[in-house]
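Subject: Structure for you to look at

Dear colleague,

I am passing on the structure we spoke about, and below it you will find my notes on what I found. Please read them with the coordinates open beside you.

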Amino acid sequence: MATPLSADRLLKALRDEGLHVVEHRSWRTNNRNHKGPWGPTHGVMIHHTVTSGTASSVDLCYNGHSRLPGPLCHGVIAKDGTVYLVGNGRANHAGLGDDDVLRAVIAERSLPADNEASTDGNRHFYGFEAVNLGDGKDPWPAEQLLAIERAAAAVCRAHGWSERSVLGHLEWQPGKVDPRGFTMDSMRSRIGKRLGSKPTPKPPAAKPKPSPAPKPRYEPFPGAAFFKVGRNSAIVTAMGRRLVAEGCDRYAVGPGPKWSEADRKSYAAWQRKCGYTGQAADGIPGKASWDRLKVPNV
């Protein structure tokens, strides 16, 4: 027996269990509470939709139809394992069932055979509809079975229930066959094993690797003849800034675009820093020292 989970707590419980959950339309306020009470809750009921196709199945379970208004469950479990939340509160999924079964669920013991339909199940059970034709031929992908296991375990974990609080529609209401294609005993066994350990959420999606930083581009050596009195170029300014950064500053004010004696003296200091001597350190750039200075492309 438990107070029903709020929409936020249900969503969190499912996601904490590692499920991919989609919030469908106004599922938080989609319910049949005006037709009867919702709660106390006692368990989780599993169904199959008798439909194919995710979108149409989700819409049907959200809206219902003329003979049975929606929501027809709380969550729809697609074949790829995605859970679509379609209702929050009383839902038209369980119908009338056996009161002996309800007592067994509450006591978390083995279920008796269901042989009467006298007790309101829509009040007491969360419902999950799994997309399947229910003909015994439509396959149950591993992802979908795992999602059923996770969804039921999530609700049980949130309430402190065991796997004995999970049942199939066929175990509740005489004449029902769902879910068809696997046994509820096998599913309860899976849920029990899961509840015996901490949730195993899916790892977060890998973040895309950042694009590698563009390689820096440097000015090619313009030739020794470029560096002469009167030369006016942004390359000279860029060179001077690199010389300042290298601690070879011989400028009174700062580097500028016009080649000057201060540029020559500063470059000579760079040449000496590189190990050049004599005429090789005369302050006129040569290719080897220029390539080593790495003047940014302008």
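Lys-258 sits in the loop that runs between helix 6 (234-245) and helix 7 (261-273), and in this predicted model it is exposed, with a relative accessible area of 55%. That value is over the 50% that the word exposed requires, so the label follows directly from the computed area of Lys-258. Leaving out residues up to four places away in sequence, Lys-258 touches Arg-231, Asn-232, Val-236 and Asp-263. Pro-296 is 38 residues away from Lys-258 in sequence, and the two C-alpha atoms are 17 Å apart in space.

Helix 6 itself can be checked against simple geometry: with twelve residues at 1.5 Å a residue it should span 16 Å, and because its end C-alpha atoms are 17 Å apart, the expectation and the model agree. At its N-terminal end, helix 6 is capped by Ser-233, of which a side-chain oxygen lies 3.1 Å from the backbone nitrogen of Ile-235, while just after the helix Gly-247 takes a positive phi of about 80°. The buried residues of helix 6 are Ile-235, Val-236, Thr-237, Ala-238, Met-239, Gly-240, Arg-242 and Leu-243, and what covers them includes helix 7 and helix 8 (287-293).

Turning to the strands, how many residues of strand 2 (residues 43-48) are buried? Six of its six residues are, so far as the computed areas go, and the strand is mostly covered. Gly-43, Met-45 and His-47 point one way from strand 2, whereas Val-44, Ile-46 and His-48 point the other way, and all of these are buried. This arrangement can be read alongside the general rule that in a regular strand the side chains alternate between the two faces of the sheet. Strand 2 pairs with strand 9 (residues 125-130) in the parallel sense over six bridges, with Ile-46 standing opposite Phe-128 of strand 9. Strand 2 also runs parallel to strand 10 (residues 166-168), to which three bridges join it, and there Val-44 stands opposite Val-166.

The largest nonpolar core has 35 residues, and those with the most contacts inside it are Leu-14, Phe-128 and Ile-148. At least two residues of this core are supplied by each of helix 1 (7-16), strand 2, strand 6 (83-85), strand 9, helix 4 (142-159) and helix 5 (184-195), and helix 4 gives the largest share, nine residues. Ile-148, not counting residues up to four places away in sequence, touches Ile-46, Ile-77, Ala-130, Trp-140, Phe-182 and Met-187. Apart from this core lies another, of 17 residues, among them Val-236, Ala-238, Ala-269 and Trp-270.

One last site is Asn-122, which is found in the loop between strand 8 (119-120) and strand 9. Is Asn-122 buried or exposed? Asn-122 is buried, because its relative accessible area is 6% and the label applies under 20%. A polar atom of the Asn-122 side chain lies 2.8 Å from the backbone nitrogen of Ala-94, and, leaving aside neighbours within four places in sequence, Asn-122 is in contact with Trp-38, Arg-90, Ala-91, Asn-92, His-93, Ala-94 and Gly-95.

With best wishes

Technical notes: Residues numbered from 1 in each chain as written. Predicted model: local features only at pLDDT ≥ 70, side-chain atom pairs only at ≥ 80, totals over all residues. Heavy atoms only, no water. Helix = DSSP H or I, 4+ residues; strand = E, 2+ residues; numbered from the N terminus. Buried < 20%, exposed > 50% of the residue type's maximum accessible area, 1.4 Å probe, protein only. Contact = heavy atoms within 4.5 Å. Expected span 1.5 Å × (residues − 1). Polar contact = N/O pair within 3.5 Å; in protein donor to acceptor, adjacent residues only side chain to side chain. Pairing = 2+ DSSP bridges. Core = buried A, V, L, I, M, F, W, Y, C linked by side-chain atoms within 4.5 Å.
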